[in-house]
Every structure is written in C-alpha cells, then in structure tokens.
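Hello,

Here is the structure I said I would pass on. My notes on what was found in it follow below.

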Amino acid sequence: MRAYRRLLKYVTFDTMSSETSETAPTTAHQFDLARELVDEMKAMGIEDARVDDCCYVYGSIPASSGCEDAPAIGLISHMDTVPDFSGAHVNPRIIENYDGRDIPLGSSGRTIEVRQFPVLADMKGRTLIVTDGTTVLGADDKAGIAEILTAAEKILQENIPHGRICIAFTPDEEVGHGTDHFDLQAFGADFAYTVDGNAEGEVVYENFNAAGAEVTIRGVNVHPGAAKDIMVNAVLTAMEFNSLLPGAEVPSCTEGREGFFHLLSMQGTVEQAKMQYIIRDHSRALFEHRKEEMAMAAQVLNDRYGEGTVQLVMHDQYYNMVEKIKPHFHLIENACAAVRDAGLTPKTFPVRGGTDGAMLSFRGLPCPNLGTGGYACHGPYEFISAEGMDKSVEIILGILRRYAKRKRES
C-alpha cells in the first residue's frame with residue numbers, strides 16, 4: 001500500500017491534544033488511532049505491537065539473518081494534532097495531476113496561493129492532498145506514521161536485509177509532552193529518527209534551545225484622582241517590561257540561527273498583569289544571555305517601583321540536539337546518503353523550533369529528524385504530495401539498508 005493511502009485513513013481519527021488537560025494522554029480519543037495502529041502492525045507481522053496506559057504505541061521487527069550485530073534503529077512519529085485549529089471531521093481532497101495554480105479550499109473562502117507557497121511550483125503534475133479549509137490535514141504527523149509503516153511493510157514483504165527496527169508512535173507532541181512517558185528501555189533502539197519534518201529529503205539535527213517565562217506584575221490600585229506618586233499600573237508596567245527587551249529580536253524580524261523573545265499573551269488590570277513568553281536561540285551561550293536579559297528587565301522595574309513588583313519565573317524546555325548528534329554523525333551521513341540515493345539533494349538547516357528527537361537525544365537516544373513531504377502544518381493550508389511521501393519511504397528504507405551493513409558500537 002502506498003503511504004498516502006494510509007494517511008487518508010489516519011486523518012479520519014480525531015487526535016487533537018489539549019494544552020489544558022493534566023491527564024496522560026491529554027485527550028482520550030488519541031487511543032482510537034493508537035489501537036488502530038496496533039491492529040495494523042500486528043496484521044503485517046509486528047507481533048509485539050502494543051499500546052501502553054499513556055497511549056504510547058511500540059513494536060519491533062527482529063533483525064534479519066546475518067544482521068543481528070547491526071545497531072537497532074528506531075523510527076518515531078506522533079499521533080496528535082495541534083489543539084489550536086480543528087483536527088476533527090477532516091475532509092481531505094485529492095488533486096491528481098496538479099496544474100500548478102492556486103487551490104481553493106472547498107467553500108471555506110480560503111485558498112492556497114502559489115505566491116505564498118512557492119514550493120507548489122515544483123509540484124506540478126503530482127498528486128496533492130489538501131484540506132477543505134476548515135481543519136488541519138493532520139499530515140503533521142500522521143504522514144510520518146504512514147511512511148514508517150509503509151517502510152515496515154516493504155521490509156517484511158520483500159525480505160530486505162535489516163537490523164532490529166524499533167517503532168514508536170507518541171501522543172501529545174504538539175503540546176510539548178510527547179516524550180514525558182516515553183519508555184526508552186522498552187523501545188530498545190541504539191539510535192533513532194523522528195519522521196516529523198517538512199520537505200522530503202530534510203535531515204535536521206539542529207534546533208533551538210528553548211525556555212518559557214511567566215511574568216507576573218503586581219500593581220498598586222488607588223482612585224485615579226488621587227493617584228500621583230502612588231499608583232503603579234500593572235498593565236503599563238507590563239508594557240515597560242516588554243520595552244526593555246530588544247525590539248527587533250522577535251519572530252517576525254529573525255531567521256536562520258537568530259534567536260528571539262516571543263510574547264505569547266498578556267492580560268491584566270491596574271492591580272495585576274501576567275505575560276507569557278518563550279525564549280529561543282540556537283547558541284547555548286546566547287540562550288543563557290537572553291534569560292539574563294529577562295532577569296535584568298525584571299530587576300530594573302523592581303528597582304523603579306519596589307521589590308516584588310515583578311515576579312519572573314523561567315523554565316528550560318529543551319536544548320539544541322546538535323551537541324548530542326555530533327558524536328554520532330554517522331546518523332546524518334547515512335541519512336544524507338539515503339536522500340541522494342533517492343535522487344534528491346539533502347536539506348540540512350537549523351530548524352526554528354524543537355522536536356521530540358531533541359528531548360530524546362538528551363535522554364541518551366541520539367535522534368535527528370527526517371522530512372515527511374508535508375507543508376504548511378498547524379493550519380487549514382496544510383498540504384502534502386503522494387510522491388513526496390513515496391520519496392520519504394524510500395529514504396527510510398535507504399537508511400535501514402545502510403545500518404544493516406554496520407556493526408553495533410561497543
């Protein structure tokens with residue numbers, strides 16, 4: 001079965017995760033797809049396929065004869081879709097022999113415009129899968145699941161030489177909890193790849209260092225007619241806080257390896273205001289400096305209005321996986337070679353975000369990220385091509401073939 005056919009089945013499952021839930025998984029309906037995947041894996045011969053109490057799907061394919069000493073390679077994708085745009089009642093549309101023009105999305109009033117997504121110019125003649133404009137497609141990351149299982153099916157049906165293959169599908173990646181309950185020992189891989197990128201042929205091993213920050217500002221509220229030298233307006237103080245950060249170091253003004261401060265939300269009254277930020281930088285040193293700048297802004301305002309006016313709480317979220325990948329750079333070399341074998345040019349660049357692979361890398365499982373062939377994720381303009389998915393399957397198989405010839409590191 002071609003990977004895109006699997007994708008069309010998987011997107012019918014509502015797997016939206018939740019940012020407010022404290023359960024694991026954050027939404028119970030993620031189990032619906034998890035159980036479907038377990039059944040599918042068992043049907044193709046992955047006998048140990050199972051789903052645990054936290055909705056993590058695991059399964060493995062034993063090494064073929066003569067490849068028992070090869071490293072165990074893991075393949076990982078996530079089942080959930082973003083909570084901030086609907087992933088329920090997905091109604092995908094298949095466009096065969098795409099003509100290279102703008103794509104109206106049903107009766108939603110939305111259109112995928114070539115000027116906004118110039119990659120479409122390279123997709124003329126392909127089979128595209130798009131939304132009806134009212135939901136995400138869910139190719140992020142059900143395309144990765146489809147590609148992994150299509151590669152697994154080919155391995156089993158065609159007796160392609162391979163070392164042990166470890167498969168995992170996780171919940172709650174989109175809300176930052178995709179690895180919270182990941183059982184590395186049960187997974188059993190020596191190295192792994194997340195299949196959760198964009199263009200086919202992507203091989204990503206650099207990501208942001210990331211932190212979150214919550215700023216709470218306590219004001220002094222008195223009658224405005226008698227407020228001189230007494231009132232401290234918490235909302236205005238919040239605006240002052242933001243003005244103390246570098247104004248051009250925000251997402252809309254940065255690219256490549258440039259970091260930023262991103263104000264996610266601000267709400268408040270004269271009495272109290274709260275602000276939520278994320279802090280990002282590829283350089284660990286600059287990342288630490290950004291946190292120092294936040295602390296300095298808080299101190300300036302506390303000196304100005306009184307200690308305790310500003311409370312700043314920061315917490316690190318994840319780190320740049322490159323420092324964990326470099327000692328095992330064969331992961332990148334073999335992936336890039338597999339991309340070239342598939343007739344593509346490898347795309348390696350610092351991703352302006354994070355991956356579950358980054359968190360797993362710092363837990364001891366080096367884990368770069370591969371592209372799926374999908375674009376414009378997290379919204380109604382999401383699209384993917386059947387041919388791009390085919391190439392991603394081919395790249396996965398190429399990686400597994402290369403590791404079948406390699407001895408496990410001592």
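**Helix H1 and what surrounds it**

The buried residues of helix H1 pack against helix H2 (30–43), strand S4 (93–95), S7, H3, S17 and helix H10 (386–404). Please keep in mind throughout that this is a predicted model. H1 covers residues 3–10, and six of its eight residues are buried, so the helix is largely enclosed by the rest of the structure. Those buried residues are Ala3, Tyr4, Arg6, Leu7, Leu8 and Tyr10.

**Cores**

One of the residues of H1 turns up again here. The largest nonpolar core has 65 residues, and Leu7, Met79 and Phe169 are those with the most contacts inside it. The contacts of Met79, leaving out residues up to four places away in sequence, include Leu33, Ala34 and Leu37, as well as Lys142 and Ile145. Met79 also touches Phe169, Thr170 and Pro171. Another core lies apart from the largest one; it has 19 residues, among them Ala213, Val215, Phe241 and Ala298.

Met275 touches three of those named residues, namely Ala213, Val215 and Phe241. Met275 is in strand S13 (residues 272–281) and is buried, with a relative accessible area of 0%. Among its other contacts, not counting residues up to four places away in sequence, are Glu214, Ile217, Leu263 and Met266. The C-alpha atoms of Met275 and Met239 are 9.7 Å apart, while the two residues are separated by 36 residues along the chain.

**Helix H3**

Helix H3 (residues 139–158) has 20 residues. From its first C-alpha to its last H3 reaches 27 Å, close to the 28 Å expected at 1.5 Å a residue. Of its 20 residues 16 are buried, so H3 is largely enclosed by the rest of the structure. Asn159, just after H3, takes a positive phi of about 50°.

**The seven-stranded sheet**

An open sheet has seven strands in the order S1-S2-S8-S3-S9-S15-S10, and its pairing is mixed. S1 and strand S10 (203–204) stand at the edges with a single partner strand each, so one side of each has no neighbour in the sheet. S10 runs antiparallel to strand S15 (residues 369–370), joined by two bridges, and Val204 stands opposite Asn369 in S15.

Further along the order is S8. Six of the six residues of S8 are buried, so this strand is largely enclosed by the rest of the structure. In a regular strand the side chains alternate between the two faces of the sheet. In S8, Ile165, Ile167 and Phe169 point one way and Cys166, Ala168 and Thr170 the other way, and all are buried.

How does S8 pair with S2, parallel or antiparallel? The two strands run antiparallel and are joined by five bridges; Tyr58 has Ala168 in S8 as its bridge partner. With strand S3 (residues 73–78), S8 pairs in the parallel sense over six bridges. Gly74 stands opposite Cys166 in S8.

**Aromatic pairs**

A search of the whole structure finds twelve aromatic pairs. In one of them, the rings of Tyr56 and Phe182 have their centres 6.1 Å apart and their planes at 90°, so the pair is edge-to-face. This pair links distant parts of the chain, 126 residues apart: Tyr56 is in the loop between strand S1 (50–51) and strand S2 (57–61), and Phe182 is in the loop between strand S8 (165–170) and helix H4 (184–187). Tyr56 counts as buried at 1% relative accessibility, and Phe182 is buried with a relative accessible area of 3%.

Another pair is Phe117 and Phe383, with ring centres 5.9 Å apart and planes at 85°, so this pair is edge-to-face. Phe117 lies in the loop between strand S6 (111–112) and strand S7 (128–130), and Phe383 lies in strand S17 (residues 383–385), so the pair ties together parts that are 266 residues apart in sequence. Phe383 is buried, with a relative accessible area of 0%.

Tyr56 and Phe182 also belong to one aromatic cluster with Tyr58 and Phe187. Elsewhere, Arg284 lies over the face of Tyr319, at 3.9 Å from the ring centre.

Regards

How values were computed:
Residues numbered from 1 in each chain as written. Predicted model: local features only at pLDDT ≥ 70, side-chain atom pairs only at ≥ 80, totals over all residues. Heavy atoms only, no water. Phe/Tyr/Trp six-rings, centres within 6.5 Å; stacked < 30°, edge-to-face > 60°. Helix = DSSP H or I, 4+ residues; strand = E, 2+ residues; numbered from the N terminus. Buried < 20%, exposed > 50% of the residue type's maximum accessible area, 1.4 Å probe, protein only. Lys NZ or Arg CZ within 6 Å of the ring centre and 35° of its normal. Expected span 1.5 Å × (residues − 1). Core = buried A, V, L, I, M, F, W, Y, C linked by side-chain atoms within 4.5 Å. Contact = heavy atoms within 4.5 Å. Pairing = 2+ DSSP bridges.
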